[in-house]
Amino acid sequence: MEAMQLLLSLVSAILVRVHSESIPVDQYKQQLLDVHNGYRAQQGAADMQALVWDDTLSKEAGNWIKRCNFKHEMKGRGENLAFDSNPRKNEELINSSMKAWYDEIKDYNYNRKACGRSCHYTQVVWAKTRKVGCAMEKCKYLQAFGSSVKNAWYLACYYDPKGNDISEYPFVKGAACSQCLQKQTCENKLCTGEGVEVCEDNDKDCEFWATSGECKRNPKFMNKKCRKACGICKGTKK
């Protein structure tokens, strides 16, 4: 039984590769970064981080889209996906696909926080995201929305840290770079460099919650709101 399952897996992998072709992304890295950061610089954000390229994210995205199935992997990364069946140059397809993500801004309501139908846009401009890696695949047949799309160009960009937390705004409105991390510089309206996060608690009850064991029980919330109380960082408030 195990031998049969292994054989079926190998056959499946071979079939996937026959019907798809990975497009080397190296020559498009700068374009993908420039378009992302160009959109991010337009937001009027005080804390917008400049994205840098990450090869690990690019590899993860590439491994996922080789399946030629237009759906999200949903394994802890931020993800934006797009496909196009028009026979155009890769540079044009990148620009049009990213414009489609960004154009969701018209449906976004900043005050509501939740992205709703605008989650591609908010991930592109999520201020705390620091890294992006993308991959492209040419699929002979792409499975999308219950149909098979012939000769589809398929793009995936993965992001870290993941955005679209419904409890947060995508960015803080304000003068460009006015809320960068310590030791960061400002370039083209974006916070640049690794920086150092301020060690502070953002709620008056952090110490109480920490002593009650919430750092372990509710780490997602506590790691954001109570960094100092949970001992995640050391130092003093800026």
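The following questions and answers go through disulfides, one helix and two glutamates in a predicted model.

Visitor: What should be known about the model and the numbering?
Guide: Residues are numbered from 1 along each chain as its sequence is written, and side-chain values use heavy atoms, with hydrogens and water left out. The model is predicted, so local features need pLDDT of at least 70 and side-chain atom pairs count only at pLDDT 80 or more, while totals for chains, interfaces and linings use all residues.

Visitor: How many disulfides does the structure hold?
Guide: A disulfide is a covalent bond between the sulfur atoms of two cysteines. Here a pair of cysteine sulfur atoms within 2.5 Å is counted as one. By that criterion the number of disulfides in the structure is seven.

Visitor: How many residues apart in sequence are the parts that Cys68 and Cys139 tie together?
Guide: Cys68 and Cys139 are joined by a disulfide, S to S 2.2 Å, and this link is left-handed, with -90° about the S-S bond. Cys68 lies in the loop between α3 (55-65) and β3 (78-84) and Cys139 in strand β4 (residues 131-144), so the parts tied together are separated in sequence by 71 residues. Helices (H or I, at least four residues) and strands (E, at least two) are DSSP runs, numbered from the N terminus.

Visitor: Are Cys68 and Cys139 buried or exposed?
Guide: Buried means under 20% relative accessible area, exposed over 50%, and partly exposed in between (1.4 Å probe, protein chains only). Cys68 has a relative accessible area of 4%, and Cys139 is at 1% relative accessibility. Cys68 is therefore buried, and Cys139 likewise counts as buried.

Visitor: Which strands hold Cys134 and Cys157?
Guide: The sulfur atoms of Cys134 and Cys157 are 2.1 Å apart and form a disulfide; with 105° about the S-S bond, the link is right-handed. The pair ties together parts that are 23 residues apart in sequence, because Cys134 lies in strand β4 and Cys157 in strand β5 (residues 147-160). The strands are β4 and β5.

Visitor: Is the disulfide of Cys180 and Cys191 left-handed or right-handed?
Guide: The S to S distance between Cys180 and Cys191 is 2.0 Å. The torsion about their S-S bond is about -85°, so the disulfide is left-handed.

Visitor: Where do the buried residues of α4 lie around the helix?
Guide: Helix α4 (residues 90-102) has 13 residues and reaches 18 Å from its first C-alpha to its last, close to the 18 Å expected at 1.5 Å a residue (1.5 Å times one less than the number of residues). Its buried residues are Asn90, Leu93, Ile94, Ser97, Met98, Trp101 and Tyr102. They cover an arc of only 165°, taken from the directions from the helix axis to the C-beta atoms, so they lie on the same side of α4.

Visitor: Which side chain of opposite charge is nearest to Glu104?
Guide: Glu104 sits in the loop between α4 and α5. Glu104 is buried yet has no salt bridge (a side-chain nitrogen of Lys or Arg within 4 Å of a carboxyl oxygen of Asp or Glu). Lys and Arg count as positive and Asp and Glu as negative, with His and the chain ends not counted. The nearest side chain of opposite charge, 7.7 Å away, is Lys106.

Visitor: Which residues does Glu21 contact, neighbours within four places in sequence left aside?
Guide: Glu21 is in strand β1 and is exposed, with a relative accessible area of 52%. Its C-alpha atom is separated by 5.1 Å from that of Lys138, 117 residues apart along the chain. With contact meaning heavy atoms within 4.5 Å, the residues in contact with Glu21 are Glu137 and Lys138.
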